[in-house]
Amino acid sequence: EVTEVMNGCVCCTVRGDLVVALKRLYQKIALFDAVIIETTGLADPAPVAQTFFVDDDIKRMYNLDGIITVVDAKHIIQRLDEEKPEGVENEAVEQV
């Protein structure tokens, strides 16, 4: 089953929606092998991971087993070398 959260960036703006979706999923299927949360683009995984530790219900229902990062091998060096304006983080560098 695929549950899509469409209200913005899951890593920063829709953690509440993520919690609701995870609770709804658990009510449907309490015993399953895994839940995969795919974040599109350069998403910071920390806020998504924190969801599994901050909400008591989610902490009880789920166990965060790991975080996988996939990079575009063809373009990663270019992204890592990009110069950003002062005060702007190179998100690719932060992620890798």
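The following legends describe close-up views of aromatic rings and of one asparagine in a predicted model.

**View 1. Phe-52 and Tyr-62 form an aromatic pair.** A search of the whole structure finds 2 aromatic pairs. In the one shown here, the rings of Phe-52 and Tyr-62 meet edge-to-face, with 6.1 Å from centre to centre and 80° between the planes. The pair links distant parts of the chain, since Phe-52 belongs to helix 2 (residues 45-54) while Tyr-62 lies in the loop between helix 3 (56-61) and helix 4 (76-81), 10 residues apart.

**View 2. Tyr-26, Phe-52 and Tyr-62 make up a cluster of rings.** Ring pairs are what link Tyr-26, Phe-52 and Tyr-62 together. Phe-52 has a relative accessibility of 8% and therefore counts as buried, because the term applies to values under 20%. Tyr-62, at 10% relative accessibility, also counts as buried.

**View 3. Asn-90 sits in a loop and has polar partners in the backbone.** The loop that holds Asn-90 runs between helix 4 and helix 5 (91-95). A polar atom of the Asn-90 side chain lies 3.4 Å from the backbone oxygen of Leu-80, and the side chain of Asn-90 also reaches the backbone nitrogen of Ala-92, at 3.1 Å.

**View 4. The surroundings of Asn-90 include Arg-79, Leu-80, Glu-82 and Lys-84.** Asn-90 touches these four residues when those up to four places away in sequence are not counted. With a relative accessibility of 10%, Asn-90 counts as buried. Leu-80, one of the residues touched by Asn-90, is also the residue whose backbone oxygen lies 3.4 Å from a polar atom of the Asn-90 side chain.

Key. Residues are numbered from 1 along each chain as its sequence is written. This is a predicted model: local features need pLDDT of at least 70, side-chain atom pairs count only at pLDDT 80 or more; totals for chains, interfaces and linings use all residues. Side-chain values use heavy atoms; hydrogens and water are left out. Rings of Phe, Tyr and Trp (its six-membered ring) pair if their centres lie within 6.5 Å; planes under 30 degrees apart count as stacked, over 60 as edge-to-face and the rest as tilted. Helices (H or I, at least four residues) and strands (E, at least two) are DSSP runs, numbered from the N terminus. Buried means under 20% relative accessible area, exposed over 50%, partly exposed in between (1.4 Å probe, protein chains only). A polar contact is a pair of N or O atoms within 3.5 Å; within protein, one must be able to donate a hydrogen and the other to accept it, and residues adjacent in sequence count only if both atoms are side-chain atoms. Contact means heavy atoms within 4.5 Å.
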